[in-house]
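Below are some notes to read alongside the model, set out as numbered points. Please keep the structure open while going through them.

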Amino acid sequence: MSLSAAEDNSASEIHLPADIDWHMLDKSKFFFLGAALFSGVSAALYPVVVLKTRQQVLPTQISSLKLSLSIMNHEGVRGFYRGFGTSLMGTIPARALYMTALEVTKSNVGTATVRLGFSDTTATAIANAAAGLSSAMAAQVVWTPIDVVSQRLMVQDCNGSSIKSSKNMIPSSSSCRYMNGIDAFRKILNVDGPRGLYRGFGISILTYAPSNAVWWASYSVAHRLVWGGIGCYASKKDENAVNGGGGCGYRPGSKEMVAVQGVCAAMASGVSAMITMPLDTIKTRLQVLDGEENGRTRPLTVMQTVRNLVKEGGFAACYRGLGPRWVSMSMSATTMITTYEFLKRLSTKNRDSLTS
């Protein structure tokens with residue numbers, strides 16, 4: 001694929017590797033390698049997710065550094081990996097659903113928007129947004145029960161170990177004691193039925209669907225803008241050669257490709273995190289905390305959760321854990337997009353088709 005350097009008539013072009021569509025992939029290799037690669041990514045980023053989750057359910061703001069030191073002192077490294085086994089079991093089917101929906105939607109919507117006469121930039125943004133929306137909705141069928149179980153394991157016992165101050169006590173987390181993910185799954189199912197495992201499913205869709213749509217649309221725009229800027233620089237650098245009559249073309253190396261992907265992923269993550277953070281905080285609390293009514297423990301409603309957050313710290317309370325979430329999203333997105341592109345090239349049926 002050739003990308004015009006600055007969306008104008010510049011003589012310099014950036015020659016990027018050809019896009020890989022769904023029909024070009026060896027599906028069995030794609031899913032097998034994807035499961036292995038993304039499991040490794042999940043393991044590396046899981047401690048940040050634990051920090052974010054605990055910050056979101058605590059009634060007062062605690063810095064990430066202070067909370068990290070507290071977890072390390074009272075629980076050790078294992079404290080950063082509470083619920084990881086459960087999360088890992090859900091990663092494989094959830095990622096399979098996510099990647100399938102992403103690639104199928106992106107390919108179909110991209111073709112349809114081009115046929116409707118949209119420009120390449122607009123068609124790419126629309127296709128990426130639609131793909132992000134559909135993939136998030138598909139993955140939540142698996143991710144919501146996994147989230148409910150893993151998040152309860154993340155915050156279990158943190159009142160008695162990592163958080164000592166009474167004002168930092170978690171305000172009515174589940175009273176059940178879970179031995180492991182399977183035990184938690186069974187107890188939640190016995191107490192609340194299937195609805196207990198899908199607590200917060202609606203708000204999860206409202207959180208992750210727009211978050212993914214915003215992320216993929218922002219990523220595609222940032223990707224084009226960054227490469228456009230690089231193209232302008234390359235055009236000026238090679239101006240003498242161009243004026244000599246031999247138009248030049250710029251072919252980025254693999255390191256440059258990864259660097260640009262990382263920068264664009266971090267930019268898109270910042271936009272997405274800021275927009276959807278309040279919804280993510282509400283979702284986490286719905287899935288982890290319980291309320292009391294007439295002496296009986298009941299799941300909180302969305303309105304009760306919002307009222308509790310506002311009472312604890314105003315609207316700013318909805319942004320607790322923003323730092324870890326931004327870091328987590330940026331690191332996850334950077335590794336995800338670079339791993340994902342690498343995975344697609346490893347899984348291509350015909351490598352010769354990748355040359356532009």
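1. Helix H10, which runs over residues 302-313, has 12 residues and should span 16 Å at 1.5 Å a residue, and its end C-alpha atoms are 17 Å apart, which agrees. The expected span here is 1.5 Å times one less than the number of residues in the helix, while helices (H or I, at least four residues) and strands (E, at least two) are DSSP runs, numbered from the N terminus. Just after H10, Gly314 takes a positive phi of about 70 degrees.

2. On provenance, this is a predicted model, in which local features need pLDDT of at least 70 and side-chain atom pairs count only at pLDDT 80 or more, whereas totals for chains, interfaces and linings use all residues. Residues are numbered from 1 along each chain as its sequence is written, and side-chain values use heavy atoms, with hydrogens and water left out.

3. Helix H5, covering residues 181-192, also has 12 residues with an expected span of 16 Å at 1.5 Å a residue, and the separation of its end C-alpha atoms, 16 Å, agrees with that. The buried residues of H5 (buried means under 20% relative accessible area, exposed over 50%, partly exposed in between, with a 1.4 Å probe and protein chains only) are Gly181, Asp183, Ala184 and Ile188. They cover an arc of only 155 degrees around the axis, which puts them on the same side of H5; the arc is that of the directions from the helix axis to the C-beta atoms.

4. As to the surroundings of H5, the cover over its buried residues includes helix H3 (84-115), helix H4 (120-155) and helix H6 (194-197), where contact means heavy atoms within 4.5 Å. The face turned away from the buried side of H5 carries the exposed residues Ile182 and Asn190.

5. At the start of H5, a side-chain oxygen of Asn180 comes to within 3.2 Å of the backbone nitrogen of Ile182. After the helix comes Gly193, whose phi is positive, near 75 degrees.

6. UniProt, in an unreviewed entry, places the feature "transmembrane region" at residues 30-51; such annotations may be inferred rather than shown by experiment. In the model this span is 100% helix and 0% strand, with its end C-alpha atoms 31 Å apart.

7. Ala36 lies in helix H1, residues 27-57, and is exposed, with a relative accessible area of 53%. Its C-alpha atom is separated by 10.0 Å from that of Thr91, 55 residues apart along the chain.

8. Cys264 counts as buried at 0% relative accessibility, and Cys318 counts as buried at 7%. The structure holds 0 disulfides, a disulfide being a pair of cysteine sulfur atoms within 2.5 Å.

Definitions and conventions
Polar contact = N/O pair within 3.5 Å; in protein donor to acceptor, adjacent residues only side chain to side chain.
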